[in-house]
Each structure stands twice: as structure tokens, then as C-alpha cells.
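Biologist: I would like to learn how to read a model like this one, feature by feature. Could you take me through it slowly?

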Number of protein chains: 6
Amino acid sequence: MEISARNTFKGTVKEIVTGSVNDEITLEIAPGVEVTAVITKTSAESLGLKEGKEAYAIIKASDVMVSVD
Amino acid sequence: MEISARNTFKGTVKEIVTGSVNDEITLEIAPGVEVTAVITKTSAESLGLKEGKEAYAIIKASDVMVSVD
Amino acid sequence: MEISARNTFKGTVKEIVTGSVNDEITLEIAPGVEVTAVITKTSAESLGLKEGKEAYAIIKASDVMVSVD
Amino acid sequence: MEISARNTFKGTVKEIVTGSVNDEITLEIAPGVEVTAVITKTSAESLGLKEGKEAYAIIKASDVMVSVD
Amino acid sequence: MEISARNTFKGTVKEIVTGSVNDEITLEIAPGVEVTAVITKTSAESLGLKEGKEAYAIIKASDVMVSVD
Amino acid sequence: MEISARNTFKGTVKEIVTGSVNDEITLEIAPGVEVTAVITKTSAESLGLKEGKEAYAIIKASDVMVSVD
């Protein structure tokens, strides 16, 4: 499957914080570089996410902001 | 200023595609790792973005999806 | 690939409106039921979208609102 | 009221999962076709959502992605 | 119609910047307070937006970030 | 720091509803005008948000919808 979202980062699940509706998933996508996602608990379970598992972070370009110092 | 968005990546502007309302900005945040943002042309100009300039990509955690193979 | 986005609708590309940065893609996902997406022109071209082609609309649950009359 | 969001689907509330801040609402918008939304618990209560109630799913076009096999 | 989006601001259209797919709409929601939206050109035309017209800005709570100095 | 998000509103934290993953933050940005945000609990704690504290609501233009009566 190929998706229109422009940003895909391969990584490893580093931490999962569990809520009642949403879970917070942190992926390490490079040494010392982490991406945090909030997805539904149902999705996290359906994907079988757990610490150490390989996964991808996917982000639509229109959801990325830019800043400068 | 500190912002609630959980994901901030420091990088360098690699390419700017200009539109009439939106511009597409690509940042290189690590060797070979790029992030693409779509922001308003007004913002891109206000930030003074141009190729080679240092900038940050900022992404709210609720806008990040996760996938597995 | 399995993605955390909860909503996936299979359909057929019905119309493409082309812009300079973004394209607008309309999929028919059931008889008389259409979904409109705005994605980057680069993505639309990379996916090889054209009228009549089979494609999927994907939507993260946190981007769906609910209303009542 | 008419809203700029391009995608509106009429359906029936099929399931509500309750959290502390957010609720997850699933609407059936056609036989066998469901849309899942995550909205604040306050909104779900304000709208009086409950299983079997008629409601609409509303999605902004810039939040829709497209994929192909 | 009542919608789950938590933030609604009544205002007046102050400026419209027209693109090929998206338009940028600026509303004045209080003296000196403006909100800028990017919506599809089709939506802007369907709503009959023009300078001076009364309109509302609507924002889902999960799309709002918070910052501090 | 200057950010591409077009909408920034200065206000005061009026209410915090705490969840397990997300918190709901309400800012009063003008007398009688409130903005509600859903951000991760980790962010709310990191920013040191509490009732009465000065803070900003930040919203990307592509996340703003427009409606008319």
C-alpha cells in the first residue's frame, strides 16, 4: 500500500502510555530522535504495538508546522 | 516560547515549492531524513524561509499515525 | 501495511482538481457517496491517481467531528 | 448552518466508548460502513449522543489521505 | 445543527486570498482579533463568502495547541 | 521563536480537565471568549499549566473551518 501522507519514519516503539480511549506511543526513529503519537487504544492493540517492536510514524504534510528562532 | 506540540525537529530548508495560497517546505532533519510541510505562503514569507536556512518542523502528537508492516 | 487511522474507505477516483501545491481528489466510495481529499500534488502524482482508478480514503479518528440536527 | 468541511455523512450512533477527556463514537453511515470519531466527552454529552441516535460525521478535506494498493 | 467542535467564533470576513484549490479566509472575530482559515475554493464559493459577510470560524479542540512564554 | 501557525491568541488558563493521556485546557482569550484545547497530559505538565496562568492558544490555518448561517 502506498499512502499520500508525505512523511514516514521507520522506528522502534520505545514507550506506550495507556489511556481509556487514546494511547500515547513514542517511537525512536534515529539515535536520540523520538516521535510521539496519540492514537486510539483500539488501534494500538490492533497493531500489536509493544516496546521494542518495529513501527512507522506517518504524518500528513498539512499537519506539519515550521518555526525559526 | 515553549509549545505543547510534542514533536520538534531541527533541520535545514532543502526545497520550497511555491503556490498561490500554500507553499510546500522540505526540511532535512538528519542526513537523508526529510520532513515536508505545507504552510501558507504568507507564513513562509513571514518566517523568511529560503534554501539552506535553519528551521524546525513542529508536529502535534494527535496528528501522528502509526503503522506496522 | 496496517495503519492506526481508524477509517478506510475503498472507492474510485471521480474527479481531480489540480493546483500548484495541492490537488483536490474526489472518491466515490458507494453509489452517490463521495469523499473529498486535499493532498499534495506530488503525492497525487506519485500515487498515479487518475479518474476511474481504485483508491482508498484514509482518515484519523481524531479528525472526525460529529453533529446532530 | 452550512460549513466549509467538504465531507458530511449521515448515520446512526452504533457504539460509544467513554474516556476521561475524550469519547470514541462509531457511526454506521451505510450498511456495514462505519466511521469512528474521537471527540471530547463534553461534546458527546452536549450533543446527547447515545446508541441508535441519528448523527453526522463531518471531516475537513485537508484531513483526508488517499492510498492505493 | 450542533457540532462537536468546541470552538466557534462569530466574525466578519475581512480578506479572501484566492488560490487554485484552496482559498485563505481571514475573519475579524473581535476588534483587532483575526482568525485565518484555509479551506477549499469550492467551499468558499459554496458558502458565498465575500468581504463584509458574517461568518463563523470553527476549530476542533484537538487541533488547538498551547504555549507559554 | 516564530511559528508558521497563523493563529495565536493570548489568554489565561481558566480550567483544566485531567485525563490519563490527554488533558483539556480552556483559555479565556477575551472577556467571555474561550478557546478549548486537547493536548497531552505530558505537555500540560511540562508547560506548568494551572488556572490563572497566562498562555497562548495556537492554531494552524488549515485546521480552521468556516460556516455561515
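Modeller: What follows goes from the relation between chains to salt bridges and then to one serine.
This is a predicted model, in which local features need pLDDT of at least 70 and side-chain atom pairs count only at pLDDT 80 or more, while totals for chains, interfaces and linings use all residues. Residues are numbered from 1 along each chain as its sequence is written, chains are lettered from A and ligands numbered from 1 in the order in which they are written, and side-chain values use heavy atoms, with hydrogens and water left out.

Biologist: By what turn and shift can chain A be laid on chain C?

Modeller: Two copies of a chain are related by a rotation about an axis and a shift along it. Here a turn of 180 degrees with a shift of 0.0 Å along the axis lays chain A on chain C with an RMSD of 0.0 Å, the copies being superposed by least squares on the C-alpha atoms of residues with pLDDT of at least 70 in both. That is the relation of a two-fold axis, and in chain A the C-alpha nearest the axis belongs to M1(A), 3.2 Å from it.

Biologist: How many salt bridges does the structure hold over all chains?

Modeller: Side chains of opposite charge can pair when their charged atoms come close. A salt bridge is counted when a side-chain nitrogen of Lys or Arg is within 4 Å of a carboxyl oxygen of Asp or Glu, and over all chains the structure holds 18 of them. In one of these, R6(A) pairs with E24(B), with the closest N and O atoms 3.0 Å apart. R6(A) lies in the loop between strand 1 (2-3) and strand 2 (7-18) of chain A, and E24(B) in strand 3 (residues 22-30) of chain B, so the pair joins two chains; strands are DSSP runs (E, at least two residues) and helices are DSSP runs (H or I, at least four), numbered from the N terminus.

Biologist: Is E24(B) buried or exposed?

Modeller: Buried means under 20% relative accessible area, exposed over 50%, and partly exposed in between (1.4 Å probe, protein chains only). E24(B) is buried because its relative accessible area is 3%, whereas R6(A), at 25%, counts as partly exposed.

Biologist: Which residues is S43(E) in contact with, leaving aside its neighbours within four places in sequence?

Modeller: Contact means heavy atoms within 4.5 Å. With those neighbours left aside, S43(E) is in contact with S4(D) and R6(D). S43(E) is found in helix 1 (residues 41-46) of chain E, and S43(E) is buried, with a relative accessible area of 4%.
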